[in-house]
Amino acid sequence: MREVTFLEAIRLAMWEEMERDPNVFMIGEDIGRMGGAFGVTAGFMEHFGADRVIDAPISETAIIAVCVGAAATGKRGIAEMQFIDFISYGFDQVVNVAGTFLYRSGGKTPIPIVVRGPSGGYVGGSLYHSQQFEAWFFHTPGVKVVQPAFPDDAYGLMKASIRDNNPVVFYEHKYLYRRVKGAIPDPSEDYIVKLGEARVRRYGDDITVVTYGAMVHFALEAAQRLEKEGVSLEVIDLRTVKPLDMETILKSLEKTSKLLIVYEAPKTGGVGAEIAARIAEHSFELLDAPIKRVAAKDAFVPFAEPLEKFVLPSVDDIVFAARELAAY
Amino acid sequence: MSRVRTGRKNGRQAVAYHERLTKSDLQKIYRNLWFARVFDEALYDAKKKGRLRRGNVYGSRGQEAIIVGTTYPLEDGDFVSPIHRDMPVFILRGMTTEEVMCQVWGKAEAPTRGKDSWSHMGDISKGIVHSTSMLGSTIAVACGVLWSLRLDGKRDRVLVAYTGEGATATGPFHEGLNFAAVHKLPLIVVVENNQYAYSTPVELEVPTKTVAERAKGYGIPGYSIDGNDFIEVYNTMCAALEHARAGKGPVLIECVTYRLQGHADHDETRARQYRPVEEIEMWEKRDPLPRFRQYLLSTGQFTESELPEPPPDVVEEIQRAIEYAISRPDPEPHTALEDIYDESAGVSK
Ligand SMILES: Cc1ncc(C[n+]2csc(CCOP(=O)(O)OP(=O)(O)O)c2C)c(N)n1
Ligand SMILES: [Mg+2]
């Protein structure tokens, strides 16, 4: 085992996959000579060379499209968005080109690409350096969405995403990059976390909290606080947002009968809305209380501190919502 | 016909527009250049001292001649579309220094009411178009502003859109400039070629020897000029304005310059690794401020003491605005949910 930061776990996963498979390459802005804006790709160009680590012009469309074209012909490209917000320029490539490719090719041509980059708020990044719009791609057939919370999962999921034969959008919460540390397995173990499997990060009896990304840490903190009040939270980290692991959620709900969904994105139309809908549609009898959601307010992530705090969900928000559910 | 002019020699305009500048003009220009320099230095300093705790500071040190040379000949009713490297443009085009500092500090009375940071602001009433982080997108938005002016019968009003050389690689840059050229819109694109896009050198952003050569593809004039020479920037800009106001379509001006600092304040250490020391030293010598001062002295119209470095009133104005911004209230939390929709339906603003 190795003790590493969240950032280092992602870096090592990509490094080991590039060592293992010569078809894997990466492309992005400032990823080579500088090693990436956040340093996630530090040392890659020196080691793997400029043909496999491409410093691209400011052209998000092309960055993703190069991965698509290369994927159609047997390669596995990892596209870095300097901030995941800038994926909007490459949106068409993900949604209309990569997402549909297999379908259009009669199942013959899969598109194994990973589009990755720093996401999320809580760092004063303001509108275009804080967004969390996994719902755009959650809504898109043919595209998988991953959003880890811990180094071991980030490591195992990055490897699985690179090996997966489908377009994967991989969200790396920048708040976690250097704040969260943990042990990851040694390379010899060939550790993989399969896409589409949630993980119970904390067992509890009273309320099931379903969440992902940075919010997992908020939920765990809330759980710790509520324990003192005698309220026991079970915290499920989805890890992969799409495909969605409903089985793990249902298993937990059978025990707790109360569901709290927490996500950092704007509340309306988010991943939590789909989970709530599925439970209401198919598993209504499991519930002893209305489903609750804690999410960002339906606004952009603003710059000034009081505004950002107001818009984004907090540990307090989770604690209050859980208390209400417990009292129901 | 497309004309590509590369280098200082060919870039200099036949018409010496600068000769019409009066002593009072020259004094203002000198002050404006220093204003841009001190603005930059004061914010770097505030960040370093922890007085500014949020947001990045993207400096324009070394690029002041572009900022001043392209704004000085503008008239009322003209538009500008500045981006992250052009903060002084907002003030030179009519916003107050206090307003801009409030924006930097995310205060309630900032143009964005604390919602967005740095250069993501504007004031349509003053002809300043708002930008986003999405590099290149302003060039396409500019076309809409110019079309609106056309609908209003104001065909001789121009829009000056700033961009880095790196952002010329984006799709919207191409779509915007192509549209403007097809429809002969009076768009002047000022490319501030400071040799780097973050860490990426210009050779990896632009395949041609000069950025100006891109103009060929749109059938518009493209100039590659010394962006550190105020006179050259000013003269080229005046020529571009005549061209655009006459209805002849867009012009691309590549101002060759150098980003003397890191990409932003957080980048100082790394920027000393990805840029060769000799290169930095060479460009320090081409600093546009002493060059313009030298020019003023050479005209015989100024004495040394008339040209203080920096002019004390500039320092005072900027410091006063910073203290003002710091003293002003933060936005109320609930205002975060305001300005998402405008419900005054049917009312054109
Ligand atoms: C579409 C998009 N991609 C990436 C970024 C991140 N980014 C911000 S500034 C910058 C470099 C810009 O270089 P250039 O256009 O040359 O302007 P300069 O900063 O040198 O003035 C990058 C890559 C962005 N803001 N927008
Ligand atoms: Mg540049």
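These exercises work through a metal site, a domain pair and a chain pair.

The model is predicted, so local features need pLDDT of at least 70 and side-chain atom pairs pLDDT 80 or more, while totals for chains, interfaces and linings use all residues. Residues are numbered from 1 along each chain as its sequence is written, chains are lettered from A and ligands numbered from 1 in the order written, and side-chain values use heavy atoms, without hydrogens and water.

**Exercise 1. The metal site**

Task: Find the protein donors of the magnesium ion (ligand 2), and state why the arrangement is irregular.

Solution:
- Start with the term: donors are N, O and S atoms within 2.8 Å of the metal (3.2 Å for Na, K and Ca), and water is not among the atoms, so sites may look incomplete.
- Glu165(B) is listed twice, each time through OE. Asn194(B) gives OD1 and Tyr196(B) gives O. These protein donors lie 2.1 to 2.6 Å from the ion.
- Along the sequence, the spacing of the donor residues reads E-x28-N-x1-Y.
- Asn194(B) and Tyr196(B) are both buried (under 20% relative accessible area, 1.4 Å probe, protein chains only).
- Now the angles. The 6 donor atoms subtend 52 to 176 degrees, so the arrangement is irregular. For six donors, octahedral requires opposite donors over 155 degrees apart and all others between 65 and 115.

**Exercise 2. Two domains of chain A**

Task: Describe how domain 1 and domain 2 of chain A meet.

Solution:
- Set the bounds, which come from an automatic or database domain assignment: domain 1 is 2-189 and domain 2 is 199-327.
- Their centres, taken over C-alpha atoms, are 26 Å apart. The contact (heavy atoms within 4.5 Å) takes 30 residues from domain 1 and 31 from domain 2.
- Together they bury about 2,400 Å², 61% of it on carbon and sulfur atoms. Buried area is the accessible area (1.4 Å probe) lost on being put together, summed over both parts.
- On the domain 1 side, Tyr122(A), Phe138(A) and Phe150(A) supply 30% of the area, more than any other three residues.
- Count the salt bridges (side-chain nitrogen of Lys or Arg within 4 Å of a carboxyl oxygen of Asp or Glu): there are 5 between the domains.

**Exercise 3. Chain A against chain B**

Task: Describe the interface of chain A and chain B.

Solution:
- 32 residues of chain A touch 43 residues of chain B.
- The two chains bury about 3,000 Å², with 64% on carbon and sulfur atoms.
- In chain A, Ile58(A), Tyr89(A) and Phe303(A) lose the most area, together 25% of that side.
- The chains share 2 salt bridges. Arg54(B) forms a salt bridge with Glu308(A), N to O 3.1 Å.

Terms used:
Four donors count as tetrahedral if all angles lie between 85 and 135 degrees; four count as square planar and six as octahedral if opposite donors are over 155 degrees apart and all others between 65 and 115; anything else is irregular. Buried means under 20% relative accessible area, exposed over 50%, partly exposed in between (1.4 Å probe, protein chains only).
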